[in-house]
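Reader: Hi! I'm new to reading protein structures. Could you walk me through this one?

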Amino acid sequence: EESVAQSEALEALDKECRDARSRLATVEPELVVLRQELGEAQTALAAANQTEAELKRLLGEKNVLATELETKLAAAADHQAEAVKGVADELAEVRGERDELAEQLAETQAQLMGWSTG
């Protein structure tokens with residue numbers, strides 16, 4: 001009896017082992033595919049991280065260039081304002097000289113008129 005019970009137990013274990021091997025045989029290909037997909041996902045993640053780092057670097061460069069451009073534009077605007085002020089000052093000076101010359105001309109014409117009628 002013991003021998004029959006042991007034999008039945010061994011057969012049951014053998015069947016469980018065959019069933020487990022069968023399930024393992026169906027799961028293994030899926031596991032291989034999942035490992036491959038994991039590898040591809042890790043590669044894609046590494047590429048995305050590299051792209052992100054490059055984008056951050058480029059953004060930093062853009063910010064530096066934008067700051068430099070703002071500084072140059074401000075300097076150019078200051079220079080232009082100084083140039084406009086200089087032209088306005090020169091124009092005011094020329095107008096003043098013109099007014100003085102117009103007064104001198106009027107005085108000279110008045111003197112000439114006085115001499116010619118005199």
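Author: Happy to! Let's begin with a term: helices (H or I, at least four residues) and strands (E, at least two) are DSSP runs, numbered from the N terminus. Also, this is a predicted model, where local features need pLDDT of at least 70, side-chain atom pairs count only at pLDDT 80 or more, and totals for chains, interfaces and linings use all residues. Residues are numbered from 1 along each chain as its sequence is written, and side-chain values use heavy atoms, with hydrogens and water left out.

Reader: Cool. How many helices and strands does the protein have?

Author: There is one helix and there are zero strands. Helix α1 covers residues 2-117.

Reader: And is the protein compact or spread out?

Author: It is more spread out than a compact globule, because its radius of gyration is 49 Å, well over the 13 Å that the globule rule gives for 118 residues. That radius is taken over C-alpha atoms, and the rule is 2.2 Å times the number of residues to the power 0.38. Along the principal axes, the C-alpha trace spans about 170 × 15 × 15 Å.

Reader: What share of the residues is buried?

Author: Buried residues make up 0% of the 118. Here buried means under 20% relative accessible area, exposed means over 50%, and partly exposed is in between (1.4 Å probe, protein chains only).

Reader: Switching topic: how many salt bridges are there?

Author: The structure holds seven. A salt bridge is a side-chain nitrogen of Lys or Arg within 4 Å of a carboxyl oxygen of Asp or Glu. One of them joins the side chains of Asp-14 and Arg-18, at 2.3 Å from N to O.

Reader: How far apart are Asp-14 and Arg-18 along the helix?

Author: They are four residues apart in helix α1, so about one helical turn separates them. Asp-14 is partly exposed at 39% relative accessible area, and Arg-18 is partly exposed at 46%.

Reader: What about Arg-57 and Glu-61?

Author: Their side chains meet in a salt bridge too, at 2.1 Å from N to O. These two are four residues apart in helix α1, so they are separated by about one helical turn. Arg-57 is partly exposed at 41%, and Glu-61 is partly exposed at 38%.

Reader: Which residue does Asp-89 pair with?

Author: Asp-89 meets Lys-85 in a salt bridge of 3.0 Å, N to O. Both lie in helix α1, four residues apart, about one turn of the helix. Asp-89 counts as partly exposed at 41% relative accessibility, whereas Lys-85 counts as exposed at 52%.

Reader: Which residues do shared salt-bridge partners join into a network?

Author: Glu-54, Arg-57 and Glu-61 form one network that way.

Reader: Last one: how many positive and negative side chains are there?

Author: There are 12 positive and 26 negative side chains, and the centres of the two sets lie 6 Å apart. Lys and Arg count as positive and Asp and Glu as negative, while His and the chain ends are not counted. The place of a charge is taken as NZ of Lys, CZ of Arg, CG of Asp or CD of Glu.
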